[in-house]
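Trainee: Could you walk me through how to read a ligand site, the cysteines and the cavities in a model like this?
Mentor: Gladly, let's look at it together.

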Amino acid sequence: MNQTSLQAGARSIAGYHPDHLPVSLAQQLVRAAVTPITDTETLPLKQALGRTLAADLVSPIAVPAHDNSAMDGYALRGSDLSSSPVTLTVVGKAFAGHPYPKDVMPGECVRIMTGAVIPRGCDSVIPHELVTHAGESAVTIPPGRIRAGDHRRLAGEDLRAGSTALPQGRLLTPSDLGLIASLGIGDVQVMRKLRVAFFSTGDELRSIGQPLDEGCVYDSNRYTLHGMLLRAGCEPIDLGVVRDDPASLEAALRDACQQADAIITTGGVSAGDADFTRDMMARLGEVLFWKIAMRPGRPMAFGRIAVEGKQAMLFGLPGNPVAVMASFYFFARDALAIMAGGTPHPPLTMRVPCTEAIRKKPGRTEFQRGIVSVDASGKQQVRITGAQGSGILSSMSDANGMIVLHHEHGDLPAGSLVDVIPFDGLI
Ligand code: AMP
Ligand code: MG
């Protein structure tokens with residue numbers, strides 16, 4: 001995109017209003033503005049967890065490679081089954097990894113274990129517990145217990161040879177690692193990690209180890225961001241605390257732009273006298289500055305800067321610690337996933353009743369910190385963590401999910417169904 005296209009793109013969207021931008025529109029604009037990196041690397045499978053697949057992964061083999069048994073029992077020919085009891089001769093055994101080597105003839109069967117290859121000639125398995133009179137050399141099969149073809153796992157039923165096992169852009173999960181291993185593949189081509197530089201702005205901020213002078217606070221945003229970036233699969237580059245003065249800010253942004261694909265700053269995007277981020281971004285590149293119709297996290301400067309031919313996307317997040325998290329999760333995270341070559345999916349949402357009434361202004365999206373629990377009858381419910389001030393980080397730690405109160409909604413009575421995005425998914 002050229003220098004003016006971010007703004008042009010924004011203005012062309014219906015409902016665009018820079019002072020009151022609905023969350024969904026802002027998300028749309030951010031997603032549309034970013035482009036994926038192209039650098040890839042090849043990693044051993046175990047190191048690829050959480051990385052983004054760089055190309056479709058095509059299965060070189062069928063999984064499973066052979067028809068095999070789903071049960072312990074006897075492999076037989078379906079055509080031998082009858083409406084009266086049949087006695088078959090047990091001609092051998094098939095264990096997982098030790099197939100029965102010969103053809104099975106009519107009237108014969110093979111003792112078989114789960115996972116063993118179905119012997120040639122057989123097409124069905126009767127589980128051990130369904131036969132009567134199981135002897136060493138013969139078994140009797142009662143009528144009507146199985147049909148021809150039962151308890152047989154078909155070759156290729158998991159994956160066919162030549163089919164796409166996993167698509168490009170996939171964020172690799174533990175099950176994916178297992179799936180890739182089941183194809184006999186030991187190395188995978190993934191996108192390199194996205195490099196994300198971040199710093200905090202504010203004269204009042206002190207770093208751990210420094211004395212806390214009067215009126216000062218310890219910088220927590222860099223730690224939260226470090227954690228969120230690691231969880232998002234990025235390489236975090238911590239550039240420390242930057243003072244509220246234009247020269248320091250310019251130097252920090254130039255440094256960040258040289259090192260990173262994306263930059264995240266916190267603080268200094270409101271309209272205060274010491275809020276320089278937006279102007280400095282505009283000097284070094286192009287900025288979209290929005291007041292987003294959301295709480296917490298109203299102001300956000302988003303854009304792109306370029307320094308000596310190198311460019312980086314820039315997310316100027318607000319300073320308040322909870323606002324930082326909300327704006328990271330609901331704007332930066334998807335954009336970073338797209339930049340890293342991934343295909344972001346909407347977060348998994350649960351719909352549960354709230355235990356108490358929730359006050360909510362229509363015309364903005366509110367993200368409230370929630371605690372999902374199970375009541376005495378086993379039903380899930382959610383309550384808000386109490387004080388929802390955008391500086392109160394402890395209630396973020398108490399919460400196990402974000403309650404999303406949608407743009408158009410007003411006050412909600414107790415028992416209303418609300419959407420909750422849990423912080424921790426299973427995989
Ligand atoms: P600002 O957006 O810069 O006006 O900051 C809003 C509020 O967030 C102020 O109370 C700041 O002290 C606080 N704040 C800003 N940055 C941080 C930070 N890195 N860690 C903790 N609190 C912060
Ligand atoms: Mg500040």
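Trainee: Which backbone does an oxygen atom of ligand 1 approach, and at what distance?
Mentor: Start with pairs of polar atoms, and keep in mind that this is a predicted model. Here an oxygen atom of ligand 1 lies 3.1 Å from a polar backbone atom of Gly-319.

Trainee: How much of ligand 1 does the protein cover?
Mentor: Taken on its own, ligand 1 has 480 Å² of accessible area, and the protein covers 74% of that.

Trainee: Which side chains have an N or O atom close to a nitrogen atom of ligand 1?
Mentor: Two to look at. For Asp-219, a side-chain N or O atom is 2.7 Å from a nitrogen atom of the ligand. For Ser-200, the corresponding distance from a ligand nitrogen to a side-chain N or O atom is 3.4 Å.

Trainee: And how many residues surround ligand 1?
Mentor: The shell has 13 residues, and Glu-204, Asp-219, Ser-220, Gly-268 and Gly-319 are the closest. By class, the shell holds three nonpolar, eight polar and two charged residues.

Trainee: Now the cysteines. How many disulfides does the structure hold?
Mentor: First the general idea: a disulfide is a covalent bond that joins the sulfur atoms of two cysteines. The structure holds zero of them.

Trainee: Why does Cys-122 not form a bond with Cys-109?
Mentor: Because the two sulfurs are 7.8 Å apart, which is too far, even though Cys-109 has the cysteine sulfur closest to that of Cys-122. A disulfide would need the sulfur atoms within 2.5 Å. Cys-122 is also buried, at 10% relative accessible area.

Trainee: What about Cys-234, is it buried or exposed, and where is the closest cysteine sulfur?
Mentor: Cys-234 is buried, with 3% relative accessibility. The closest cysteine sulfur belongs to Cys-257, and at 17 Å it is too far for a bond.

Trainee: Last topic: how many cavities of 30 Å³ or more are there?
Mentor: Searching the whole structure gives three. The largest has a volume of about 50 Å³.

Trainee: Which residues line the largest cavity?
Mentor: Its lining includes Arg-351, His-406, His-409 and Asp-419, along with Val-404, Leu-405, Leu-412, Leu-417 and Val-418.

Key. Residues are numbered from 1 along each chain as its sequence is written. Chains are lettered from A and ligands numbered from 1 in the order in which they are written. This is a predicted model: local features need pLDDT of at least 70, side-chain atom pairs count only at pLDDT 80 or more; totals for chains, interfaces and linings use all residues. Side-chain values use heavy atoms; hydrogens and water are left out. A residue is near a molecule or strand if one of its heavy atoms lies within 4 Å of it. A polar contact is a pair of N or O atoms within 3.5 Å; within protein, one must be able to donate a hydrogen and the other to accept it, and residues adjacent in sequence count only if both atoms are side-chain atoms. Accessible areas come from the Shrake-Rupley method with a 1.4 Å probe; for residues, only the protein chains shown count as cover. Ala, Val, Leu, Ile, Met, Phe, Trp, Tyr, Cys and Pro count as nonpolar, Asp, Glu, Lys and Arg as charged, and the others, Gly among them, as polar. Buried means under 20% relative accessible area, exposed over 50%, partly exposed in between (1.4 Å probe, protein chains only). On a 1 Å grid over the protein atoms alone, a cavity is a set of points where a 1.4 Å probe fits but cannot get out, and a pocket is an open set with protein on both sides within 12 Å along at least five of seven lines; lining residues have an atom within 4 Å of a point. Grid points are joined across faces, edges and corners, and a volume is the space filled by probe spheres set on the points.
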